[in-house]
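Could you take me on a walk through this structure, telling me what to select at each stop and what I will find there?

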Amino acid sequence: MKYCFILFLFVMSSMSAQTTFREGNTWEKETHNEKGKLVERITYKVVRVDTVKKEIRITTTSFDAKGKQTRKIDMTNHDRHDTLFVDMKNYFMMRDDFSYKWRTEPSFIAYPKGLEVGQELRRATIVYVAVKAPKVATQAGPAVAKNNQVGTTATFTIESRVVEMKEEVTTPAGTFSAYKITSRTTLDNKLDYAPVEQKLIEWFVPGFGVVKSEVYKKDKNVSSWKLTKLSVSK
């Protein structure tokens, strides 16, 4: 079963919306595995800002380590009052393949515009439902759909979100004063044997967004990403 903990962590926050959310703005991040090897490069572009609906539409394009494009996804985030609501597809996505097709309803994770050390943030969940099952060969004839898997769910949850401290963090895009946020993630995929729990650490810059992230499983770093480029339209 293919799924991807892609950590499409939204790089921009809404505290400086007049410049940060301007159409045409672009940024880039690189994801590495536990050995520090490049796994994926993802570019982001703000394609539309709807000031009436308070929506920011973004196109993300992913490339593998060799530079081959692997997917292109459109996402929508909401800038509402004192909170930025980020599309949960930024964090986790079930991939369609030759066997399974998945659907999900809109789901968002909240980032308050004002953060304080010790603050507890709201949990967030995204649920995927299998709407097309794999085909299997039978003795009676050609391959047929394995219908008993239709309706199977995969649930990804981010909880126990706590603002641990404020510290400086450096990435290829610069040095930032960031809030370190820790949380627990759980993937409960009914097609697998047991839920998978991991620890997520992210560095969030007010007025800018997440610039760095690390994922741990049983205290072992299994993946990380950093902001590498940023281009703001004038």
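Here is a tour in a few stops, through what is a predicted model.

**Strand β4 and its partners**

Begin by selecting residues 55-64, which form strand β4. Eight of its 10 residues are buried, so the strand is largely enclosed by the rest of the structure. Now add β3, residues 38-50: this strand runs antiparallel to β4, and 10 bridges join the two. To see one of these pairings, pick R41, whose bridge partner in β4 is F63. Then move to the turn of this hairpin, where four residues lie between the strands. Click on K54 there, and you will find a positive phi near 60°.

Next, bring in β5, residues 69-80. Nine bridges connect β4 with β5, again in an antiparallel arrangement. Select T61 and look across to K72, its bridge partner in β5. The hairpin of β4 and β5 also has four residues between its strands, and here G67 takes the positive phi, near 90°.

**On to H81**

Follow the chain out of β5 into the loop that leads to β6 (83-87), and stop at H81. Its phi is positive, about 50°, although the residue is not a glycine. Is H81 buried or exposed? With a relative accessible area of 74%, H81 is exposed.

**Into the core**

Which residues touch the most other members of the largest nonpolar core? In this core of 46 residues, select M88, Y91, I109, Y111, Y128, F156 and V211. Centre the view on M88 and show what surrounds it: beyond its neighbours within four places in sequence, M88 is in contact with S107, F108, I109, A124, T125, I126, F156 and I158. Two of those contacts, I109 and F156, also appear in the core selection you have just made.

**S160 and T182**

Now select strand β14, residues 153-171, and find S160 within it. This is another residue other than glycine with a positive phi, near 55°. S160 is partly exposed, at a relative accessible area of 44%.

From S160, step across to T182, with which S160 is in contact. T182 lies in strand β15, residues 174-189, and is buried, since its relative accessible area of 11% falls under the 20% cut-off. Show the side chains of T182 and E164, and you will see a polar contact between them at 2.8 Å. To finish, display the rest of the surroundings of T182: leaving aside neighbours within four places in sequence, its contacts also include R161, V162, K199, L200 and I201.

Definitions and conventions: Residues numbered from 1 in each chain as written. Predicted model: local features only at pLDDT ≥ 70, side-chain atom pairs only at ≥ 80, totals over all residues. Heavy atoms only, no water. Buried < 20%, exposed > 50% of the residue type's maximum accessible area, 1.4 Å probe, protein only. Polar contact = N/O pair within 3.5 Å; in protein donor to acceptor, adjacent residues only side chain to side chain. Contact = heavy atoms within 4.5 Å. Core = buried A, V, L, I, M, F, W, Y, C linked by side-chain atoms within 4.5 Å. Pairing = 2+ DSSP bridges.
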